[in-house]
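Here is a walk through the cysteines, the strands and the buried parts of one model. Have the structure open while you read.

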Amino acid sequence: MSARSAATRRTVLRGAALTPVVGLGLTACGGGDDNRSAALAGPVELGPENEVAAGGAKLYRNHNVVVSRGEDGSLTAYNTVCTHAGCPINKLDGTRLVCPCHGSEFDVTTGKVLREPAVAPLKPLAVEVRNGTLVAKPRD
């Protein structure tokens, strides 16, 4: 067996080993057809109003929504699909959202980017309380 054959076999084996990893990376970057990253089409009930304390925030992963409450009691909501690559954001650290795909960070009280690679702010949503339940919907 020549050195050239061994190198070719090694290259093929290395490529075969990396294929699943590359596929996962492309899936994470693209957002894909995953319904979890879809924008809200209409109103959704999130949960009891008292889940969001003054000065705090709550991430509703199943709906890609984050709701924060100001010290004055005002409510703010944003879509939690990262504006960089469309990944659903699944980590809330205080009032900071952290995207798992590339590390973008957002302020949940303003929607502004705190850390790139994202440069566009989060999409704001309307939020209201109906019979003690938080309801988020696209803005008109």
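## The disulfide and its neighbourhood

C87 and C101 form a disulfide, with 2.1 Å between their sulfur atoms. Keep in mind that this is a predicted model. The structure holds 1 disulfide, and it is left-handed, because the torsion about the S-S bond of C87 and C101 is about -110 degrees.

Where do C87 and C101 lie? C87 sits in the loop between strand 4 (75-79) and strand 5, while C101 sits in the loop between strand 6 (96-98) and strand 7, so the pair ties together parts that are 14 residues apart in sequence.

Now for C82 and C99. C82 is in no disulfide, and the nearest cysteine sulfur, that of C99, is 3.9 Å away. Seen from the other end, the closest cysteine sulfur to that of C99 is in C82, and 3.9 Å is too far for a bond. The cut-off that matters here is 2.5 Å between cysteine sulfur atoms.

How do these cysteines, and one serine we'll come back to, fare for accessibility?

| Residue | Relative accessible area | Class |
|---|---|---|
| C82 | 4% | buried |
| C87 | 2% | buried |
| C99 | 3% | buried |
| C101 | 24% | partly exposed |
| S68 | 3% | buried |

So C101 counts as partly exposed at 24% relative accessibility, whereas its disulfide partner C87 is buried at 2%.

## Two nonpolar cores

C82 and C99 turn up again in the largest nonpolar core. That core has 13 residues, and V66, C82, I89, L97, C99, F106 and L122 are the ones that touch the most other members. Leaving out residues up to four places away in sequence, C99 touches C82, C87, I89 and S104. One of those contacts, C87, is the residue that shares a disulfide with C101.

Another core lies apart from the largest one; it has 12 residues, among them V52, Y60, L125 and A136.

## The open sheet

Which strands make up the open sheet? There are 4, in the order 5-6-7-8, and the pairing is antiparallel. Strand 5 (91-93) and strand 8 (113-115) stand at the edges with a single partner strand each, so one side of each has no neighbour in the sheet. On average, neighbouring strands of this sheet are turned by 30 degrees against each other, direction ignored.

For a detail of this sheet, look at strand 7 (residues 105-107), which is joined to strand 8 by 2 bridges and runs antiparallel to it. E105 has R115 in strand 8 as its bridge partner.

## Strands 1, 3, 4, 9 and 10

How many bridges join strand 1 to strand 10? There are 4, between residues 44-48 of strand 1 and residues 133-138 of strand 10, and the two run antiparallel. Within this pairing, V44 has A136 of strand 10 as its bridge partner.

A136 also appears on the strand 9 side, where V127 stands opposite A136 in strand 10. Strand 9 (residues 124-130) pairs with strand 10 in the antiparallel sense over 6 bridges. The two form a hairpin with 2 residues between them, and N131 in the turn has a positive phi of about 50 degrees. A136 has a place in the core of 12 residues too.

Strand 9 pairs with strand 4 as well, in the antiparallel sense, over 2 bridges. Here A77 has L125 of strand 9 as its bridge partner, and L125 is another of the residues in the 12-residue core.

Moving along, strand 4 pairs with strand 3 in the antiparallel sense over 5 bridges. This is also a hairpin, with 5 residues between strand 3 and strand 4; G73 in the turn has a positive phi of about 95 degrees.

## Zooming in on S68

S68 is a good place to finish. The residue lies in strand 3 (residues 65-69) and is buried, with a relative accessible area of 3%. Its bridge partner in strand 4 is T76.

What lies 3.4 Å from a polar atom of the S68 side chain? The backbone oxygen of V108 does. V108 is also among the contacts of S68 outside its neighbours within four places in sequence, a list made up of V52, G56, A57, S74, L75, T76, V108 and T109. Of these, V52 is a residue of the 12-residue core, and T76 is the bridge partner just mentioned.

Note on methods:
Residues are numbered from 1 along each chain as its sequence is written. This is a predicted model: local features need pLDDT of at least 70, side-chain atom pairs count only at pLDDT 80 or more; totals for chains, interfaces and linings use all residues. Side-chain values use heavy atoms; hydrogens and water are left out. Two strands pair if DSSP finds at least two bridges between them. Axes are lines fitted to C-alpha atoms, for helices over the stretch in contact, and angles run from 0 to 180 degrees between N-to-C directions. Buried means under 20% relative accessible area, exposed over 50%, partly exposed in between (1.4 Å probe, protein chains only). A nonpolar core is a set of buried Ala, Val, Leu, Ile, Met, Phe, Trp, Tyr and Cys residues joined through side-chain atoms within 4.5 Å. Contact means heavy atoms within 4.5 Å. A polar contact is a pair of N or O atoms within 3.5 Å; within protein, one must be able to donate a hydrogen and the other to accept it, and residues adjacent in sequence count only if both atoms are side-chain atoms.
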